[in-house]
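Reader: Got a minute to go through this model with me? I'd like to talk about side-chain contacts.
Author: Sure, here it is.

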Amino acid sequence: MNVSQAEFQNMKEEIVKDLIARLMDERGLAMADAFDAVYTSRLFEKLSDPKTGLYFQSSGYVYSFLTEELTNKQ
């Protein structure tokens, strides 16, 4: 399914917003740290590539990849 660049951007931003909120709620990260964790992750690179299709997935599904990445980073 093809989406416009604007639709892709909106979908990506909604997922990012949810990821940041969950990191703050579930891991107790400060907002700045949650932003940093998301925007510097490999997952964000993949989410930013429309070819991966991650922007079509639920934020919970994408969050599971982020938490795995963050856990393995430590």
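Reader: How far apart are K17 and E14 in helix α1?
Author: K17 and E14 are 3 residues apart in helix α1 (residues 5-27), so about one helical turn separates them. Helices here are DSSP runs of H or I with at least four residues, numbered from the N terminus. Keep in mind that this is a predicted model: local features need pLDDT of at least 70, side-chain atom pairs count only at pLDDT 80 or more, and totals for chains, interfaces and linings use all residues. Residues are numbered from 1 along each chain as its sequence is written, and side-chain values use heavy atoms, with hydrogens and water left out.

Reader: And what do the side chains of K17 and E14 form?
Author: A salt bridge, at 3.1 Å from N to O. The rule asks for a side-chain nitrogen of Lys or Arg within 4 Å of a carboxyl oxygen of Asp or Glu.

Reader: Are K17 and E14 buried or exposed?
Author: In between. K17 counts as partly exposed at 48% relative accessibility, and E14 is partly exposed at 43%. Buried means under 20% relative accessible area, exposed means over 50%, and partly exposed is what lies in between (1.4 Å probe, protein chains only).

Reader: How many salt bridges are there?
Author: The count comes to 3 salt bridges. R22 forms one with E26, where the closest N and O atoms are 3.1 Å apart. Both R22 and E26 lie in helix α1, 4 residues apart, about one turn of the helix. R22 is partly exposed, with a relative accessible area of 28%. E69 forms a salt bridge with R42, the closest N and O atoms being 4.0 Å apart.

Reader: Which helices do E69 and R42 lie in?
Author: E69 lies in helix α4 and R42 in helix α3 (residues 42-47), so the pair ties together parts that are 27 residues apart in sequence. E69 counts as buried at 10% relative accessibility, while R42 counts as exposed at 54%.

Reader: Ok, switching to rings. How many aromatic pairs are there?
Author: The structure holds 5 aromatic pairs. F35 and Y39 form a stacked one, 6.0 Å centre to centre with 20 degrees between the planes. Rings of Phe, Tyr and Trp (its six-membered ring) pair if their centres lie within 6.5 Å; planes under 30 degrees apart are stacked, over 60 edge-to-face, and the rest tilted.

Reader: Where do F35 and Y39 sit?
Author: They are in helix α2, 4 residues apart, so about one helical turn separates them. F35 is partly exposed at 36% relative accessibility, and Y39 is partly exposed at 42%.

Reader: What about Y61 and F65?
Author: Their ring centres are 5.0 Å apart and the planes are at 85 degrees, so that pair is edge-to-face. Y61 and F65 are 4 residues apart in helix α4 (residues 59-73), about one helical turn. There's also an aromatic cluster formed by F8, Y55 and F56.

Reader: One more on helix α4: is T67 buried or exposed?
Author: T67 is buried, with a relative accessible area of 18%. A polar atom of the T67 side chain lies 3.0 Å from the backbone oxygen of S64.

Definitions and conventions. Helices (H or I, at least four residues) and strands (E, at least two) are DSSP runs, numbered from the N terminus. A polar contact is a pair of N or O atoms within 3.5 Å; within protein, one must be able to donate a hydrogen and the other to accept it, and residues adjacent in sequence count only if both atoms are side-chain atoms.
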